[in-house]
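Work through the exercises below with the model open. Each task is followed by a stepwise solution.

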Amino acid sequence: MNKKFYITTPIYYVNARPHIGHAYTTIACDTVARRQRLLGADTFFLTGTDEHGQKIERAAQAAGKTPQEFTDEVSAQFRALWNRMGITYDDYIRTTEERHKKRVQELFRRIRDNGHIYKGTYTGQYCVFDELYVDVVGPGAPCPECGRPTETVKEENYFFKLSLFQDKLLQLYTEQPDFIRPETRRNEVMSFVRSGLRDLSISRSTFSWGIPVPDDPKHVIYVWLDALANYITAIGYGSSHKGAQEAFQKYWPADLQMIGKEIVRFHCVYWPAFLMAAELPLPKSIMAHGWLLFEESKMSKSRGNIVRTETILDVLGADALRYFLLREVVFGQDGSFSFDALVQRYNADLANGLGNLASRTLTMITRYFRGEVPYPSAAVPQKGGDSAIAENARKVIAEYSTLFDQYQFSRALEVAWGLVAAVDKYIVENEPWALGEKQDEESRSRLGTILYTSAEALRIVTALAHPVIPDATSKIWAQLGLGDIRKFPLSDLKWGQLQLGTKLGNIEPVFPRADKSAIERMQKMEDQQRSAASPAEGQPGAPAQAPAVLPVATTAAVATPAAKPAAPAPDGKISIDDFAKVELRVGQVKAAEKVKGADKLLRLEVDLGTEVRQVVAGIAESYAPELLIGRKVVIVANLAPRKLRGLESNGMIVAASPEGGKAVLASFLEDVPVGTRLK
Ligand code: ME8
C-alpha cells in the first residue's frame, strides 16, 4: 500500500485579502505536496479560511456587510487566487461550513467529557488582532505580541485545563524533536512551556460570530480552538459518515503542518494539548517558517506594506514567484522581498539558467539530429567532461532529495542549479555548434554524446524542479518528448533513462527574459492598488500607522515602519531644515539587557548628558548586551516615545542595516563628549 502524506497550511483570516505572505506558505506546501505525489505517496493537501471571531465580525461591520456576506466574499478571493496559481489543494475548508461547525462541537464535547473543561470567570486583557488572551495589566495595555491596545474582558467562560498538560507537552518536545521545526522555535516553545501554563479560556459570551458551545449556546467557542480543529474536521473527524470516518483514520495524524512563526504557540502548545485532551494522535511535525519582509518589516495588511500575488502573476507568472520565494529565502528565517531581487533571480536562474539550457540543448538536437535524442556513441570514447556531468547529476539527485526532505528548499535548488551551471560550462567548452558543421563519423558521434549528456542533465533538473516550478517543467518535459511529467515516478529518477530516438515535442521558450520595465510595471500596479485600496480593507482596531513593534526584523532601530518621511521634494531630496528637525546626539550605554520574549530586542539605558533614556532597539542579534555597556552610540533624541513589547522606547539608536546582514552601530573614531549634537 502507498504511504500517505497529509499536509496543511494555516487557514487564513478573511479580514483582508491575500498577499504574497499567504502565498508563501501555500506555495511551500504545494511544492511539498507535489513532490510527495511524484514519489507515489497518497497525498492530501488541505488549506482554507478562518472565518469566525471578533476580528472578522468587526471587519465585516467596517465593510458594511454581514459577517457571512463578508466572509463569503473574501474566502472566495483566497480560493480564486489559489486556483489561478494552480495550487493543488485537495480540500478547502471554511470554518463557517456546517460540516466544520458540527465536528468542532463534537471535539468540544469530547474534551469536556474527558474532564478537561470547567466553567469560570475570566478577567483580563484580550488582543482582538491576535485573538489572544494576554498577560498584561490595565485597560488598553499593549499586546506583548503585536503592540496594539488590548481590551478588557470580564466574562463567564469555559476554561480548558491547559496547566494539566505542561509535563506531557515537555515530554512530547523531548521525545519527538521533529514535532516543532526549526530548532530555534522548538527552544522558544520549550522555554515558554517550562515557564508555566495557565488554564485557557475557550469560550466567549459577549459576541456571537462563532460556533455555539454545545448545550450552552450563549457562549461561542474560542476562535483558535475552532480554527485549529479544521485540520481534523476537514478530513472527517466527528462525522457519522463512514466515508468521512475512514478518511480521518487514513490521513490523521498530519505528516506536516506548515505555519508562520507568529502562530507557533497556538500550534505547538494549544493544539497538541487539545488533541491530548481529546485522546487523539498528534501531528508528526509542525514547521514554522519565517516572515517575508517588505520595506524592512513584516509584510502585512495592517502595515500597508503588502505585495499582491496577482501583480507578479500578471507580469512574470506563478513559477517565477514560486522559484524566487523558495530559492531566495532560507526556509525558517525571515527574508526580504523586492521586485528588483525577483527580476534579477528570474533572469539569472530561470531565463538565462534553466530556460536557456533547455532551448539551447533542444534546438541543437532538432537541428543536428532532426529532433530525435541521440545516444552517446560507443564508437568514440567518452571524455572526462561527459562522465563528470553524469557523476554530478547522480550526486545532485541524492543531495537534492535529502535537502528537500528537510525542507531546505533554498539549498536544494542551489544544488540543482549547480548542475545547470556545470552543463552550461560543459556545452561552452565542447562547442557542439562547431561539431555540428562537420559530417565525419567521429564528429557526429562526439556531438551525439554532448547533446545526450546535456539533454539527460536537463531532464534530471526538470524532474527535480517540477514541484517548485510546475508549469515550466511540464513544458520542458513535453518538449523533451516525455509526455506528462506528473506521471513520472520521481523515486526512480536516475542517470541514463533518456532513451535513444526519443522524439522531441515542439520547442518554445519557457522563460522569456524580463527587462527593467517589468520592475516598473509591477511597482506601478502595486502603487495603483495601494492608492485605490478602500479603508474597509484595513484591519479594524489596527492603528492608522503601523505599530513600530515586534517585527523589528533585520532593521536596527533606524528603520521604523511607522515613521513615514515628510513629503520629499519631487527629486526625492530634503532641505537642510528638514534634516535639522532630526536631533541626533551622542549617548553612552549605561545598561543593556535582552527583552524577555523578543529575540531581536535589547532594552538599553542611554546617558544623553542631561538625562538617561530607556531605548528599545532591534539589535539583539548583532550585539551581546554586555558588550554595549560604556559604548558611545548615536541617538535620535527627539523621536516621539513608542512602546515595544510593552516597554516605552524614548529615542532610537542609529545603525547601518546591510541587506541580509547584521546591524552595525554608528560610532566615532575620536572621543566625543556625551550629549554632543550631530549636524
Ligand atoms: O494567523 N510572511 O491567519 P493569517 C510569511 N487564521 N508568512 C506570512 C506572512 C508574511 N509576511 N503573512 C502571512 C492566522 N503569512 C490564523 C491561522 S490556523 C489554525 C489559523 C502566512 O491570515 C503565514 O503562514 O494571519 C502565517 O502564519 C499565516 O499566513 C497567517 O495568516
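**Exercise 1. Find what surrounds the ligand.**

Solution.
1. Start with α1, which gives the most to the shell around the ligand: four residues. Keep in mind that this is a predicted model.
2. Add the other elements. Along with α1 (20-38), β2 (12-13), α7 (223-228) and α8 (230-233) each supply at least two shell residues.
3. Count the full shell. The ligand is surrounded by 25 residues, and the closest are Ile11, Thr25, Asp50, Glu262 and Leu292.

**Exercise 2. List polar contacts of the ligand, then state how much of the ligand is covered.**

Solution.
1. Take Thr25. One of its polar side-chain atoms sits 2.6 Å from a ligand oxygen.
2. Turn to the backbone. A polar backbone atom of Gly21 is 3.3 Å from a ligand nitrogen. A polar backbone atom of Gly260 is 2.9 Å from a ligand oxygen.
3. Now the area. The ligand alone exposes 670 Å², and the protein buries 94% of that.

**Exercise 3. Explain why Cys143 and Cys268 form no disulfide.**

Solution.
1. Set the cut-off: the two cysteine sulfurs must lie within 2.5 Å.
2. Check Cys143. Its closest cysteine sulfur, in Cys127, is 3.7 Å away, so the gap is too far for a bond.
3. Check Cys268. Its closest cysteine sulfur, in Cys29, is 14 Å away, again too far for a bond.
4. Conclude with the total: the structure holds zero disulfides.

**Exercise 4. Locate a nonpolar surface patch and place Ile574.**

Solution.
1. The patch consists of Ile574, Ile576 and Phe579, with about 310 Å² of accessible area together.
2. Ile574 sits in the loop between α19 (516-532) and α20 (576-580).
3. Ile574 is exposed, at 53% relative accessible area.

Technical notes: Residues numbered from 1 in each chain as written. Predicted model: local features only at pLDDT ≥ 70, side-chain atom pairs only at ≥ 80, totals over all residues. Heavy atoms only, no water. Patch = residues over 30% accessible without salt bridge, like charges linked within 9 Å, V, L, I, M, F, W, Y side chains within 5 Å. Areas by Shrake-Rupley, 256 points an atom, 1.4 Å probe, with all protein chains shown as cover. Salt bridge = Lys/Arg side-chain N within 4 Å of Asp/Glu carboxyl O. Buried < 20%, exposed > 50% of the residue type's maximum accessible area, 1.4 Å probe, protein only. Near = heavy atom within 4 Å. Polar contact = N/O pair within 3.5 Å; in protein donor to acceptor, adjacent residues only side chain to side chain.
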